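Student: Please take one part of this model, a single chain, and go through it closely. I would like to follow how its strands are arranged and what lies around them.

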Amino acid sequence: MIPGPTLRPAAQALYDRVADLPIVSPHGHCDPRWWSGDEAFPDPAALLIQPDHYVFRMLYSQGVSLADLGIGPGGQGRDPRDVFRLFAQHWDAFLGTPSRQWLDFTLSRTLGVETPLSPDTADIIYDEIAAKLATQAYRPRALFDRFGIEALATTDTATDPLVHHAAIAASGWTGRIVPTFRPDDVLNPARPDHLSSLAKLAAMTGCDLGRYADFLDALRQRRTAFRNAGATATDHDVPNLATCWLDRDRIEALHSRAVTGTLCADEARAYYGHMLVEMAQMAAEDGMVMQIHAGSRRNTNAPLFASHGPDMGADIPGAINWVDGMAALLNRVGNDPRLRVILFTLDESAYSRELAPMAGHWPCLRIGPPWWFHDSLNGMRRYFDRVVETAGYLNLAGFNDDTRAFLSIPARHDTWRRAVALHLADQVERGVLVRADAERLAPMLARGLALDTYRLRES
Amino acid sequence: MIPGPTLRPAAQALYDRVADLPIVSPHGHCDPRWWSGDEAFPDPAALLIQPDHYVFRMLYSQGVSLADLGIGPGGQGRDPRDVFRLFAQHWDAFLGTPSRQWLDFTLSRTLGVETPLSPDTADIIYDEIAAKLATQAYRPRALFDRFGIEALATTDTATDPLVHHAAIAASGWTGRIVPTFRPDDVLNPARPDHLSSLAKLAAMTGCDLGRYADFLDALRQRRTAFRNAGATATDHDVPNLATCWLDRDRIEALHSRAVTGTLCADEARAYYGHMLVEMAQMAAEDGMVMQIHAGSRRNTNAPLFASHGPDMGADIPGAINWVDGMAALLNRVGNDPRLRVILFTLDESAYSRELAPMAGHWPCLRIGPPWWFHDSLNGMRRYFDRVVETAGYLNLAGFNDDTRAFLSIPARHDTWRRAVALHLADQVERGVLVRADAERLAPMLARGLALDTYRLRES
Amino acid sequence: MIPGPTLRPAAQALYDRVADLPIVSPHGHCDPRWWSGDEAFPDPAALLIQPDHYVFRMLYSQGVSLADLGIGPGGQGRDPRDVFRLFAQHWDAFLGTPSRQWLDFTLSRTLGVETPLSPDTADIIYDEIAAKLATQAYRPRALFDRFGIEALATTDTATDPLVHHAAIAASGWTGRIVPTFRPDDVLNPARPDHLSSLAKLAAMTGCDLGRYADFLDALRQRRTAFRNAGATATDHDVPNLATCWLDRDRIEALHSRAVTGTLCADEARAYYGHMLVEMAQMAAEDGMVMQIHAGSRRNTNAPLFASHGPDMGADIPGAINWVDGMAALLNRVGNDPRLRVILFTLDESAYSRELAPMAGHWPCLRIGPPWWFHDSLNGMRRYFDRVVETAGYLNLAGFNDDTRAFLSIPARHDTWRRAVALHLADQVERGVLVRADAERLAPMLARGLALDTYRLRES
């Protein structure tokens, strides 16, 4: 298996120009603890299977029980070797998926495993990986350096004390790992951890959160703390996009009940919709780039959520109305030249209908790369097909891998770079771009746009 | 005209491996009477034009009156030769459509007509077909055997006595023709035939349908009768998908009014939404595979419906919310390892947004092949493009032709097999699959997945 | 830069058959005054940049202020040369967009500018264009003749006195420029100019518009006046499609309040929905082709609308439900063989789901070409991909450029003709069409279908 898509010569030439550029990873879910402690990763199952919901959701869809994968209730104490064997038995289920391509790449390039994975080779491969993970060369910092990562952003709650980021900074190691301010837990009353997070925020900031103005001050305090730790961006996970702007009396009234957990669902939605506009206003002031990931319906498998909690593979996208959903935010602050907002969709029908027209008008907007289920060769092709003609290239945000699977980062960026090369080669062959323009665009799409969009060059 | 898409060498090689495999037709609308009686098909118009709403809808869109086609009021007594001539005059309207490709294939391969169809050749071709239909070789059973059909499922109402299936079984002829349990007429109070169907069900089962528990027993009785006649699946035509689970008091109250035809529209919708969950529970118990065809708005041409009744070509799809629509059913029984549900969409935007993510999580779900308006070369390409990366191949249902045009069955399966070969060749050329995997997947997609998905190997 | 997409030989051969056919432009927004007066176009900025919202919206998205482009408040008195320089500085923002391809084509082919545009060449090119515009060969009539335009339709409000059309007709110049009846300002109470337009209509027709029957007569009068000036079509800009048919008492009651501007939003919507059905009925009577452009949310940037008015690049499409939205109109008059309605969508997900199925059934319907944001090479490919299999070719409307940028007309039709050639070459290569059919379809798609659809041959 060639690890990654095959390219025809015109695309290969473009790919060769960007294949070895540094990796910019401005949005993802890696754990900063890995680099503060720099301890060896545990066994292959704990590294490649158990934390990767792309992987275990597919196994679950094939009838594999989560307990047998060592996940959740009943999964304690499973032998990781058995988990890896079970995974290898279902390797066919991944045919044609990016997970398979990422894992192929990770096994062959990153881990240097030459034996092809199959039910018969599971044990040999398990042992080979386990042996390597025990070596210094496979420690988190060594891999980070080997991967050529120029900057990597983690995603952190508003009340995260950022101690691991501080430890990394203090360590003398030069890897650039910055936090991202994700305040949904203190902004969205629909979150189960809303009240407990508010309590943490109050303790951390000393603010009287019952007063709305003080609550905003507490948020500003935390934004400053994140910026001081290197953050350049915020992130917002918005299941049902509906920004709104309430008058001062109304938001204060809602806030006074939000802090006691007594808003009804409609009120909670309005409250969160208003808070997103407040965040946009703060972003215009402090220059943090605002990311909106909208349209994922979370935890749609209720029995599984009850038994196993969130992030079990049952988050499913829904249709989304970007124009109406963003109207209040954009009409309030969208013409402000200081603001930058990146929109990520899981509803691809919105690319040509809403997102590209919006990004081709509003000065603040850029379109995020294909995300999650569409972070794939075809997903990228559909993205370029549908956004470029209306939004151009300069209204795109470059790539992010959005992963918690650290070892997959080189594979994911490699897929993007191949997809970029394929797209640009098509454009040249069709006469839409001249080669010189394609050659300028390739490194922008592979690296430069991400640095610019996230203001990572400036800070 | 080459009957069917042209393939480049890499695709041709894959196609050659599956072109002659037996045909599995697990969902369709053929009339079992054809094979119980094995009588000659009538004239070419009655065979190819009048029963095929794909064909006459296009003619209607071009201003051809249905009466002139011998369909509906005013159409009685038309000379079928005139109907065939009129069709031939509008042959250009079918350029680029699958109907034209199916008919080309049917004429040249199945009926052995070498003259290309045109207004000038209508009479010659009519005569040639008519002469062949009179021969033994073109009787239903002979064609079934010649087509290499391994299994064919019809679609039958809950109260169908299945006498034709019984007659086929008793005849000594070995063709496998199984019924499919489609109980919408006794489950959906919005159907005009709901009350009359309930009366038939009561007579057939001896149950007191006024009592909800007995009504469920009657349904179980019929499911058993279908299974005994070889059925492995049920089918549900759901215009507006909204499953729900009502508490016992509520459903009993609704049921007592459903049997008297006194539910309002919202109640009828809730009632039907609940009954789909009951069907899923029974499916988990008895192992019948549940098919859900959702999102077709029926009879949207009201004047035509009033004058000609249903199935006149005016069923038009609508957008559909699969996640919310399936939530009640899936949360109640979707984690049960015994359940299998196949989802068919006419809203292609749902493939990458909802159906592939759902099928890549829920153990019970498989995604049905492109259906109806999308049962075509481009429709299949879009399907593979959008579902495989997230759902893989093993969560797909293989192919069904879903046709009432028996003669088109080889053409439709041939189109699918060519589309599979094109898709897999693309995957190999892009480096997404190795050739050996593509060679294993081709027969699975052409035949094996359909057998497995519909549990046709087990029974 | 090759002006326009590169074609492989099979496509080039088809393109060569249609490249020089006359241009039929049955829908657009050119100003008839250009040809009645035949005065020289002003400077390059006023010709190419300031009136083209495709161009200045992209510049605005890149942070360029409209005032610096000489547009709106604060923009008065800008040197057009500075505007052109600013545009040239942002030429990279247009990479990959149709605007860039149209401008490349316009500069090189129409204006004969050989120097490639860049920030460094802005001044030279500005001077070269300015010099040409001053010559007789670049006057509106000379360009119209040089472009080979066979017929061009403008878009005119119901109360337009059509004096420029009359002047053109009286001038002896033979260019065919016909008006299009766009009565939204007198039909849609949500328009800000509704009452003032009604006043004009009353003055123009002498009808007592307070009486509903007289209002309908006034509309019929204007339709006749338009037909007498050569119009063959009407046009309707429908933000939220919801046709309905109200009983006589209800519509008269609403009308009596519509003329006083006292309808609430829901009533205004119902009123406009009803008036669209009245328009369809009149269209069936008088034979004017009805165009429906639906689904553009207008003026979504509220601050910009307040300061600069409409058409500032902030119109963004939304999802649209064509089946329900058209139901009242179609069920009332859609089976009438005299009616023709062309539907234009900005929600591409509707092509395969709703529009192609509808056009493949209703005798009155044709699908308009890709419009606005999708009037592009990829947009056209997606259009053919999604509509042809279900609707065939004869239910399509051919091409319209829909532009107010007169100089872009040859470029836009050239893109369409290249896209047609690419599509048809694909169809032949895949075995879906034989070459002879593709050769017949190419000129139909390039010219004939537009003439037929708009009944421009008949009048």
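Tutor: Strands (E, at least two residues) and helices (H or I, at least four) are runs assigned by DSSP and numbered from the N terminus. Two strands pair if DSSP finds at least two bridges between them. The model is predicted, so local features need pLDDT of at least 70 and side-chain atom pairs count only at pLDDT 80 or more, while totals for chains, interfaces and linings use all residues. Residues are numbered from 1 along each chain as its sequence is written, chains are lettered from A and ligands numbered from 1 in the order in which they are written, and side-chain values use heavy atoms, with hydrogens and water left out.

The part to look at is chain C, beginning with strand E7. Strand E7 of chain C covers residues 289-294. Six of its six residues are buried (under 20% relative accessible area with a 1.4 Å probe, protein chains only), so the strand is largely enclosed by the rest of the structure. In a regular strand the side chains alternate between the two faces of the sheet. In E7(C), Val289(C), Gln291(C) and His293(C) point one way. Met290(C), Ile292(C) and Ala294(C) point the other way, and these residues too are buried.

Next come the partners of this strand. E7(C) pairs in the parallel sense with strand E6 of chain C, residues 233-238, over six bridges. One position to find there is Val238(C), whose bridge partner in E7(C) is Ala294(C). E7(C) also pairs with strand E10 of chain C, residues 341-344, again in the parallel sense, over four bridges. Here Met290(C) stands opposite Val341(C), which belongs to E10(C). Met290(C) and Ala294(C) are therefore bridge positions that also belong to the group pointing the same way from E7(C).

Chain C also has an open sheet of three strands, in the order E1-E2-E4, with parallel pairing. Strand E1 (23-25) and strand E4 (177-178) stand at its edges, each with a single partner strand, so one side of each is left without a neighbour in the sheet. Strand E2 of chain C, residues 149-153, is joined to E4(C) by two bridges, and the two run parallel. Leu152(C) has Ile177(C) as its bridge partner in E4(C).

A helix accompanies this sheet. Helix H19 of chain C, residues 409-429, lies across E1 and E2 of that chain. H19(C) runs at about 105 degrees to E1(C), where axes are lines fitted to C-alpha atoms, for helices over the stretch in contact, and angles run from 0 to 180 degrees between N-to-C directions.

Just ahead of this helix is a loop worth following. Thr403(C) sits in the loop between helix H18 (377-391) and H19 of chain C. At 2% relative accessibility, Thr403(C) counts as buried. Not counting residues up to four places away in sequence, Thr403(C) touches His27(C), Gly28(C), His29(C) and Cys30(C), contact meaning heavy atoms within 4.5 Å. Thr403(C) also touches Ser408(C), Ile409(C) and Arg412(C). With Arg412(C), the side chains make a polar contact at 3.1 Å (a pair of N or O atoms within 3.5 Å; within protein, one must be able to donate a hydrogen and the other to accept it, and residues adjacent in sequence count only if both atoms are side-chain atoms).

Key: Buried < 20%, exposed > 50% of the residue type's maximum accessible area, 1.4 Å probe, protein only.
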